[in-house]
Amino acid sequence: MLSSIGVPGLILILVIALVVFGPKKLPEIGKAAGQTLREFKNSARDLTGDAASEIKEAKTIVKGEESK
């Protein structure tokens, strides 16, 4: 997605954001976006970890039934 924008397009977007939000609000918006992405990443990691533990638990149950 970002590869099709290119450097000039990205610079244009940043300049427009600077004009719209101003130099004082732009760092706050960036910080909020970073925190949002970090929380999303942590949540995704937790979900995949939960799924992996459920799969591992199911495999041990199946292996236990096979050995009987």
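Here is a short conversation about the predicted model shown above.

User: Hi! Before we start, what should I know about numbering and about which atoms count?

Analyst: Happy to help! Residues are numbered from 1 along each chain as its sequence is written, and side-chain values use heavy atoms, with hydrogens and water left out. Because this is a predicted model, local features need pLDDT of at least 70 and side-chain atom pairs count only at pLDDT 80 or more, while totals for chains, interfaces and linings use all residues.

User: How many helices and strands are there in the protein?

Analyst: Helices (H or I, at least four residues) and strands (E, at least two) are taken as DSSP runs, numbered from the N terminus. Helix α1 covers residues 6-66. The count for the protein is one helix and zero strands.

User: What is the radius of gyration of the protein, set against a compact globule of 68 residues?

Analyst: The C-alpha trace spans about 70 × 25 × 10 Å along its principal axes. The radius of gyration is taken over C-alpha atoms, and the globule rule is 2.2 Å times the number of residues to the power 0.38. A compact globule of 68 residues would come near 11 Å, but the protein has 22 Å.

User: What share of the 68 residues counts as buried?

Analyst: Buried means under 20% relative accessible area, exposed over 50%, and partly exposed in between (1.4 Å probe, protein chains only). The accessible surface, from the Shrake-Rupley method with a 1.4 Å probe and with only the protein chains shown as cover for residues, comes to about 6300 Å², of which 68% belongs to carbon and sulfur atoms. The buried share of the residues is 3%.

User: Which residue forms a salt bridge with Lys25?

Analyst: A salt bridge is a side-chain nitrogen of Lys or Arg within 4 Å of a carboxyl oxygen of Asp or Glu, and the structure holds one. Lys25 is partly exposed at 47% relative accessible area. Its partner is three residues apart from it in helix α1, so about one helical turn separates the two. With the closest N and O atoms 3.6 Å apart, the partner is Glu28.

User: How far apart are the C-alpha atoms of Lys25 and Val62?

Analyst: Lys25 has its place in helix α1. Lys25 and Val62 are 37 residues apart along the chain, and their C-alpha atoms are separated by 56 Å.

User: Which residues form the nonpolar patch on the surface?

Analyst: Patches are made of residues with over 30% relative accessible area and no salt bridge; nonpolar side chains (Val, Leu, Ile, Met, Phe, Trp, Tyr) are joined within 5 Å and like charges within 9 Å. One member, Ile16, is partly exposed at 46%. Together the members have about 470 Å² of accessible area, and they are Leu12, Ile16, Val20, Phe21 and Ile29.

User: And which residues form the negative patch?

Analyst: Lys and Arg count as positive and Asp and Glu as negative, with His and the chain ends not counted; a charge is placed at NZ of Lys, CZ of Arg, CG of Asp or CD of Glu. Glu57, in helix α1, is partly exposed at 45% relative accessibility. The patch consists of Asp46, Asp50, Glu54 and Glu57.

User: How far apart are the centres of the positive and negative side chains?

Analyst: The protein has 10 positive and 8 negative side chains. The centres of these two sets lie apart by 11 Å.
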